[in-house]
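Student: Could you take me through one part of this model up close? I'd like to see how a sheet is put together, strand by strand, and what sits around it.

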Amino acid sequence: MATSTSSVVTLHINGEKFTLPVDHRTTLLDALRERLTLTGTKKGCDQGQCGACTVLLDGRRTVSCLQLAVAAEGREITTIEGVADGDRLHPVQQAFLDLDGFQCGYCTPGQICSAIGVLREHAEGRPSAVTDDIRPEAGPPPLTPEEIRERMSGNLCRCGAYVAIVDAVAKAAADPRATGAATVSEEDVA
Amino acid sequence: MTTATTPRTGTRAPSVGTARTRVEGREKVTGAARYAGEIPFAGLVHGWLVLSTVAHGRIRALDTEPVLAMPGVLAVLDHRNAPRLNTDFASLLGMRPDPTCAVFQHGRVPHRGWPVALVLAETSEQAREAAESLVVHYEEEPHDTDFGADRPDAYRADGIMPAVTEKGDLEAELAAADVVVDAEYTTPEEHHNPMEPHAATAHWDGDRLEVFDSNQGATWVVGDLANLFSIDPATVRVRSEHVGGGFGSKGVRAHQVAAVMAASVLRRPVRVVMTRRQMFTLIGYRSPTVQRIRLGADADGRIRALEHRSLSATSTVFEFVEPSSGVARVMYDADAHRTENRVVRLDVPSPTFMRAPGEAPGSFALESAMDELAVACGQDPVALRLRNDAERGPVSGLPFASRRLSDCFREGARRFGWADRDPRPGLRRDGRWLLGTGTAAASFPAGVAPSTATVTAHPDGRFTVRIAAADIGTGARTALTLVAADALHADPERIHVRIGDSDFGPAMIAGGSMGTRSWSWAVQTAAQEVRERLALGTDIPAEGITVRANTAEAIGALTPAERHSFGAQFAEVAVDPGTGEVRVRRMLGIFAAGRIVNPLTARNQLLGGMIWGISMALHEEAVRDHASGGLVGADLAGYHVPTHADVPRIEADWIDDPDPNDPVGIKGIGEIGIVGAAAAVANAVWHATGVRHRTLPIRPDRVLSAAAREGAPDA
Amino acid sequence: MREFDYQRAADVAGAVALLGADPDSRYLGGGTNLVDLMKAGVERPARLVDIRELPLDRVESTPEGGLRIGATVTNADLAAHPEVRRRYPALAQALLAGASGQLRNMATVGGNLLQRTRCGYFTDVTRPCNKRVPGSGCPALEGEHHNHAILGASERCVAVHPSDMAVPLAAFDAVVRFETADGPGELPLTEFYPPVGDTPERETALPAGALITGVVLPPAPVAARSRYRKVRERASYAFAIGSLAAALDVRGGVVHEARLALGAVASRPWRAHAAERVLTGAPATPETYAAAADAELAAARPLPHNGYKVDLMRNLVVAVLTELAEEAAR
């Protein structure tokens with residue numbers, strides 16, 4: 001079913017399968033927003049420079065504006081619409097809501113998806129650019145506000161809700177439900 | 001706020017002043033909130049703007065034929081076939097519309113990035129590719145984009161305030177002063193960059209034009225669209241339920257006008273979304289400024305002469321004045337006092353209002369100069385400001401309705417630990433970092449404009465508030481819920497506030513820090529009347545009891561006074577003299593900003609403003625390349641706004657600021673946070689290094705170059 | 001309509017065969033740079049060959065004590081790898097200093113090496129650029145160039161290479177491995193990027209159609225004490241205006257071995273051999289470090305607005321080597 005400019009793909013999104021023809025030029029972001037009405041994923045820059053379009057791809061945060069939809073076939077895609085447990089908000093969502101970790105709300109889905117990715121990466125013991133001692137023997141760094149800020153820096157918030165966002169991520173990190181779902185596999189790191 | 005007991009509701013505590021999460025918060029954290037470019041439409045057409053690649057000249061030809069032959073392409077609109085527009089009218093804010101939004105009316109090109117065509121196609125990919133393939137031939141003319149203090153063609157211009165204010169003999173007072181500071185400060189071109197790009201979907205529903213748009217005021221947009229297209233405003237409906245940030249940029253712009261044009265021509269729904277790059281030339285920006293400040297003071301720091309002159313740029317098609325000297329008209333008095341705003345016309349896009357227009361760059365210059373004066377007088381910077389706190393409007397002579405500036409400084413100094421500060425620069429070290437602290441004053445006008453609102457009481461005890469307000473992230477929707485709750489003596493849970501719809505009647509925009517104040521006034525007035533009617537024991541019919549309020553008369557009856565918010569900003573920075581890196585370590589802002597409606601969202605707003613101040617001090621700068629007349633690196637990788645890592649745990653708080661003569665007592669808080677913030681950071685950089693930075697942003701290369709010039713402390 | 005085909009490769013030979021000698025085809029890895037440049041119109045491939053599923057996603061120790069890194073290993077996985085953190089910490093730090101968490105999860109080692117300059121003239125197709133359109137001119141020479149090259153540039157092009165990862169790789173003598181239709185080949189990283197000269201459009205020495213399969217890091221005990229320091233115009237998520245990868249082995253107060261490479265100063269990661277020669281055998285003092293930096297930077301030819309980079313790099317060399325020596329002494 002592929003032509004030189006389009007293909008029929010099956011995308012696995014939030015546990016559902018969607019089969020649709022996509023123009024090869026179509027990014028995952030545009031497929032979500034314009035083809036599947038999953039508009040929770042936001043287009044801020046369309047250039048990988050703001051993080052508003054962050055989704056989880058096989059559990060890892062990625063920017064969907066630089067991911068071609070056709071190349072996402074076969075991968076597990078989680079968008080903001082898929083992070084809550086039914087009506088029960090994900091702990092990161094709840095913390096953003098309770099602590100006012102947003103203003104205009106446009107970067108918010110990306111911040112939340114990114115934060116979920118951050119909590120998993122941290123739980124796996126991955127270091128960051130501000131981790132003092134990155135030797136594996138040093139063990140995982142404590143998730144200090146400085147660590148959260150560095151790890152969340154791929155998500156711009158022009159309203160400047162950063163202070164509350166960092167508080168929200170820290171609060172969610174203390175909730176076992178926020179990281180419990182992610183299984184830490186040796187293979188992911190090694 | 002009164003808390004009278006009524007039989008309907010019983011005793012209850014006021015809602016205003018209590019922290020409330022946003023009423024639309026759940027929609028925003030789940031991705032359910034739909035913004036302008038996200039409303040689904042059957043048969044939607046995608047429009048892609050094509051912008052000029054020359055800075056000055058005229059369009060000779062557009063090769064539309066091959067583009068029209070591309071798959072999915074439906075039409076190309078340009079100056080040869082576009083519907084004609086009327087631009088001879090005054091907009092809501094009293095200004096003529098910026099011709100930049102009156103797209104495709106002639107073949108002249110006044111700046112690089114000017115809209116020259118709109119390509120319409122079935123999918124966004126087709127529209128984009130076709131737009132990028134459109135070959136436009138230009139007759140290029142020489143351009144002039146060179147902004148600087150020495151422009152002989154600069155002229156005095158009024159804009160939103162008189163160009164010049166003057167009293168006393170400036171030269172005589174300067175000559176008689178014990179201490180004189182005379183310095184020039186420059187701020188760069190800055191861009192709003194709301195996270196949500198400008199987007200509009202327009203469609204005709206019979207003879208009714210509907211526009212789903214991202215804007216700061218539905219009334220504003222309806223008025224401009226109706227005027228531009230010469231149609232009855234009653235036939236136009238503009239909705240903007242959620243708006244992804246505005247900061248002054250979301251009025252009427254090329255995208256709505258182009259979308260309406262195309263919807264009219266194709267008779268199909270049309271969506272036009274700007275790209276991030278296009279936003280850098282289409283939505284306005286803050287002009288660069290060059291400001292000269294002269295302060296003359298007695299040895300004890302009392303100012304006897306103050307001059308603040310500002311030059312900004314505007315386009316050749318529209319006069320917008322960045323009124324940077326306006327801040328001096330409020331902040332400090334002097335026997336000789338002179339302020340002046342000038343502009344120069346260049347082949348650049350039209351600038352516009354951007355968060356604290358005038359006050360943001362103006363306070364950087366004035367509050368840096370105050371810091372220089374403190375050093376020159378050997379005075380503590382806080383003490384200097386307390387000494388010069390004005391008693392009446394320096395220019396107007398009117399009393400201040402409230403002015404708790406000195407109290408902000410006292411409270412801020414106490415909490416920041418200012419008393420322990422050693423005034424000498426370049427002394428404190430933490431590893432590779434030099435540390436310093438700085439302070440600055442802030443003020444912003446507390447204006448208000450007429451608005452209408454309706455409040456409906458339903459038989460089930462619930463209420464609906466309707467007002468064409470815009471919540472661009474300010475928390476206005478939640479604030480209005482609390483204001484209505486108190487006026488109705490009802491629980492906020494029983495109140496549904498509907499906003500962002502021009503059908504709700506005329507209302508002020510979310511701008512000038514006037515939105516929540518203006519809307520609250522209208523909502524409170526209507527709600528109070530509803531409560532009074534209900535108190536009479538009236539039965540509520542099925543359709544409810546609706547009261548409409550219009551605040552025009554009440555606002556006109558306000559006693560003349562200088563009405564402003566005030567604040568004191570404190571910052572601590574670390575500077576690595578070896579690399580030029582500057583980091584803000586902590587920051588505190590204490591504000592006197594009227595009645596705080598919702599402490600949760602208010603703190604967020606104030607902090608957001610302060611972060612804009614950090615950004616202005618250290619990051620933001622659009623770089624114009626004069627060979628092409630355009631910007632270089634016009635995207636979010638080239639134009640830096642702060643990341644999480646740039647923002648430490650900063651604090652904002654407030655002191656009581658009552659104004660008994662004001663019926664609502666609410667002041668705007670969207671802009672005061674940025675005012676003075678950049679100066680506080682720059683003053684802290686001086687304290688850390690001993691080097692004065694009068695050019696923003698304080699980039700690493702500027703720190704290194706300045707240190708090399710001035711011989712700052714060694715690395 | 002322009003042809004735009006997409007194919008997935010199952011193995012290395014298949015990928016190379018799919019791409020063939022077609023100059024309009026590109027390998028697609030993480031896509032973080034290629035897809036961006038396609039949107040900007042800088043890259044206009046007619047076909048993408050997706051290599052993300054190739055079995056090149058392993059990081060393995062070599063028998064000699066080095067590392068073999070597959071081309072599709074993501075920047076994030078490489079930075080998190082225990083052996084990288086243990087044996088080549090500057091490499092992990094460089095990776096972590098690059099881009100954002102999201103982009104590091106997508107970007108691959110091969111793609112990182114091939115990323116194009118972020119010069120604002122290169123990425124804007126409405127501007128002249130000798131790298132993008134040979135012979136069209138270089139507006140950066142007289143225009144905006146405060147973050148352009150001070151070393152090894154030419155009158156044709158003054159753009160800098162944006163990679164952080166490549167800087168420690170250059171310091172640690174990495175070798176790039178690739179596959180062509182004619183079989184495998186390899187290039188030391190320091191030869192992978194040719195001098196700018198008159199051909200700024202020629203960015204690598206890779207043969208046409210070659211697929212990078214991986215990078216081999218030879219054993220380098222000195223790298224165990226190494227550091228990457230990046231200076232940028234905000235605290236995170238920004239390209240470097242100057243960076244340094246340094247490794248230092250001090251014995252008895254004398255520099256036994258040193259490795260230095262500078263980033264964001266040239267069209268390629270700049271291995272500082274001249275500085276290393278000054279350091280080796282000299283007393284481990286700030287004076288030595290400064291002399292080493294001066295030896296390397298003697299060749300600097302700054303433009304009117306990027307002279308600060310000379311001071312910046314000199315300060316960085318002294319500061320980072322001092323820190324490394326102090327750590328060793330602890």
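Tutor: Let's start with the chain that holds the sheet: buried residues make up 64% of the 715 residues in chain B. Buried here means 20 or more other C-beta atoms within 10 Å of a residue's own, exposed means 12 or fewer, partly exposed is in between, and C-beta atoms are placed from the backbone. Keep in mind that this is a predicted model, where local features need pLDDT of at least 70, side-chain atom pairs count only at pLDDT 80 or more, and totals for chains, interfaces and linings use all residues. Residues are numbered from 1 along each chain as its sequence is written, while chains are lettered from A and ligands numbered from 1 in the order in which they are written.

Chain B has 17 helices and 27 strands; these are DSSP runs (helices H or I, at least four residues; strands E, at least two), numbered from the N terminus. Its radius of gyration is 26 Å, which agrees with the value near 27 Å for a compact globule of 715 residues. That radius is taken over C-alpha atoms, and the globule rule is 2.2 Å times the number of residues to the power 0.38. The C-alpha atoms of chain B fill a box of roughly 75 × 75 × 50 Å along the principal axes.

Now the sheet. Five strands of chain B form an open sheet in the order E17-E18-E23-E24-E27, with mixed pairing. Two strands count as paired if DSSP finds at least two bridges between them. Strand E17 (428-430) and strand E27 (651-654) of chain B are the edges, each pairing on one side only. On average, neighbouring strands are turned by 25 degrees against each other, direction ignored. For such angles, axes are lines fitted to C-alpha atoms (for helices, over the stretch in contact), and angles run from 0 to 180 degrees between N-to-C directions.

Walk in from the E17 edge. E17(B) pairs with strand E18 (433-445) of chain B in the antiparallel sense over 3 bridges, and B:Asp430 has B:Trp433 in E18(B) as its bridge partner. E18(B) then pairs with E23(B), also antiparallel, over 12 bridges; here B:Gly436 is matched with B:Val573 in E23(B).

Strand E23 (564-575) of chain B deserves a pause: 12 of its 12 residues are buried, so the rest of the structure largely encloses it. In a regular strand the side chains alternate between the two faces of the sheet. On E23(B), B:His564, B:Phe566, B:Ala568, B:Phe570, B:Glu572 and B:Ala574 point one way, and B:Ser565, B:Gly567, B:Gln569, B:Ala571, B:Val573 and B:Val575 point the other, all of them buried.

On to the next neighbour. E23(B) and E24(B) pair in the antiparallel sense over 10 bridges, and B:Ala571 stands opposite B:Met587 in E24(B). The hairpin of E23(B) and E24(B) has 6 residues between the strands, and B:Gly580 takes a positive phi near 80 degrees there.

What covers this end? Helix H15 (599-618) of chain B lies across strand E24 (582-592) and E27 of chain B, at about 140 degrees to E24(B).

One last look beyond the sheet: 49 residues of chain A are in contact with 46 residues of chain B, contact meaning C-beta atoms, placed from the backbone, within 7 Å.

Notes:
Contact = placed C-beta atoms within 7 Å.
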